[in-house]
Amino acid sequence: MSTNSDMQTLMNRYGIVGRNEALREALATAVLVAPTDLSVLIQGESGVGKEVIPRIIHDHSKRRGKTYIAINCGAIPEGTIDSELFGHEKGAFTSAIGEHEGFFGTANGGTLFLDEVGELPLSTQARLLRVLETGEYLRVGSSIPRKTDVRIVAATNVDIPNAIKQGRFREDLYYRLSTINIQIPPLRKRQGDAVLLFKKFALETAERYNIPEPIRLTPEAEAVINSYKWPGNIRQLRNITEQLSILSESRSITPELLAKHGITPNSDADTGIATIGGSSNDTQHDYEQEIKILAHAVFELRSEVQELKEKMQGNDSWHATPANTTMPVPISSQKNTPSSSAHTFHTLSGNKHAQPLDMDIPTAEEIIDDDTLNIGDMEKRNILLALQRNHYKRKLAAEELGISERTLYRKIKAYGIDE
Ligand SMILES: Nc1ncnc2c1ncn2[C@@H]1O[C@H](COP(=O)(O)OP(=O)(O)O)[C@@H](O)[C@H]1O
Ligand SMILES: [Mg+2]
């Protein structure tokens, strides 16, 4: 990147906002390595904006105009990932009625972005290493090597060296993938960028929903936005800004309004989301998370009981806010019962990060007094449900439960949950 204005042009083109030097360096590296065929590994927490990097690399390489495929490795079931990536022959397995090309075949000449690469099963990692080293791969059910010319860009929010230690990721593959390393800094380390991003998202939301006036921050609210830790990074900031744009009656956003969405100065403890990487692993944090998961379990159960009660009374008002809608409901008109407000948050935002977990937490006495509640059973049930909902991806289930992956692993073992 030769000049500042080149950088600004690039950022405008991809809708990237920010003054942070580390972010700009990451973008400059992407442009610099684009014309080579070196493998690139992008690392950074969830929501920091990793997905634009492979696109920049592809567009600035000789492969632009050829196929670009982005694959979320964490979203493809283990049973089908090999055949999705490498293809299969007719009859390779029971349901393989026809042959299948696979992404490595389809993307020949182009770029493959392997997002969440840390989620790949070990057997797939072996296949991937082979194609990276030899340019050849085998379809499932075939022993005839096929050639492919694919540029690989991978991304992860998992601490790969740690995954290597735990035997979940191949060290040789890590070195092969990370010829070039690009680190995207978390939002909390980009001083001032949060406010710039807020303004951008406020404008965009106003345009999208034909809202006459975009929301703006009071100076006090700017200070809050700047000092908040943003565990869900830019994705969280975007969701909050959208929610406020639609829900807030006032166009002027104050610290009080932010607090209603769990955004308080210097605090990420009350968002119910596990920070990725190191800090969530210490005992103190785990203890806090355990309290949260218990409270959450109790809270969910109560909501269900409440819902049942209301159904039996033929009163369906609990569903006044239909699920999966973006109906604008001003904050001030939301009911304040725990079940309705949590439900409203959840369905309106579709954003689990913003769901406050600490809204009406029962006291210890309340929990102990109620002999119909067995906390252990409830927690086990909650974990099972979260695992099911997330197709047994532990990382996603842990995020949903607001605990670290390690804590979830420990609990799965402790409860003897059979995955
Ligand atoms: N610097 C930025 N400027 C504007 N929008 C951004 C920026 N970084 C991320 N975003 C937006 O934030 C959201 C999350 O980014 P994404 O690339 O999906 O994160 P992840 O690192 O989890 O892959 C996307 O909607 C993306 O467009
Ligand atoms: Mg992503």
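These are my notebook entries on one predicted model, covering its confidence, its sheet and the surroundings of its ligand.

**Entry 1: confidence**

I started with how far to trust the chain. Its mean pLDDT is 80, and 73% of the residues reach 70 or more. I then looked for the weak stretches. Residues 268-289 have pLDDT below 50, and the model gives this stretch 42 contacts beyond near neighbours in sequence. Residues 315-373 also fall below 50, with 82 such contacts in the model. I have marked both stretches in my copy.

**Entry 2: the sheet**

Next I traced the strands. Five of them make an open sheet with parallel pairing, in the order β2-β3-β6-β1-β7. At the edges I found β2 (68-72) and β7 (180-183); each has a single partner strand, so one side of each has no neighbour in the sheet. From one strand to the next, the twist averages 15 degrees.

I took a closer look at the partner of β7. Strand β1 (residues 40-43) pairs with β7 in the parallel sense through four bridges. One residue pair to click on is Val40 and its bridge partner in β7, Ile180.

Then I turned to a helix that packs on these strands. Helix α3 (residues 52-59) lies across β1, β2, β3 (111-115), β6 (151-156) and β7. Relative to β3, helix α3 runs at about 170 degrees.

**Entry 3: the ligand**

Last, I listed what surrounds ligand 1. I count 16 residues there, the closest being Val17, Gly49, Lys50, Glu51 and Ile234. By class, the shell holds six nonpolar, six polar and four charged residues. Helix α11 (residues 233-247) supplies the largest share, three residues.

Where does ligand 1 lie with respect to domain 1 and domain 2? Ligand 1 lies between them, because domain 1 (4-185) and domain 2 (188-260) both give residues to its shell.

Conventions: Residues are numbered from 1 along each chain as its sequence is written. Chains are lettered from A and ligands numbered from 1 in the order in which they are written. This is a predicted model: local features need pLDDT of at least 70, side-chain atom pairs count only at pLDDT 80 or more; totals for chains, interfaces and linings use all residues. A residue is near a molecule or strand if its C-beta atom, placed from the backbone, lies within 6 Å of it. Helices (H or I, at least four residues) and strands (E, at least two) are DSSP runs, numbered from the N terminus. Ala, Val, Leu, Ile, Met, Phe, Trp, Tyr, Cys and Pro count as nonpolar, Asp, Glu, Lys and Arg as charged, and the others, Gly among them, as polar. Domain bounds come from an automatic or database domain assignment. Two strands pair if DSSP finds at least two bridges between them. Axes are lines fitted to C-alpha atoms, for helices over the stretch in contact, and angles run from 0 to 180 degrees between N-to-C directions. Two residues are in contact if their C-beta atoms, placed from the backbone, lie within 7 Å. pLDDT is the predictor's confidence in each residue, from 0 to 100.
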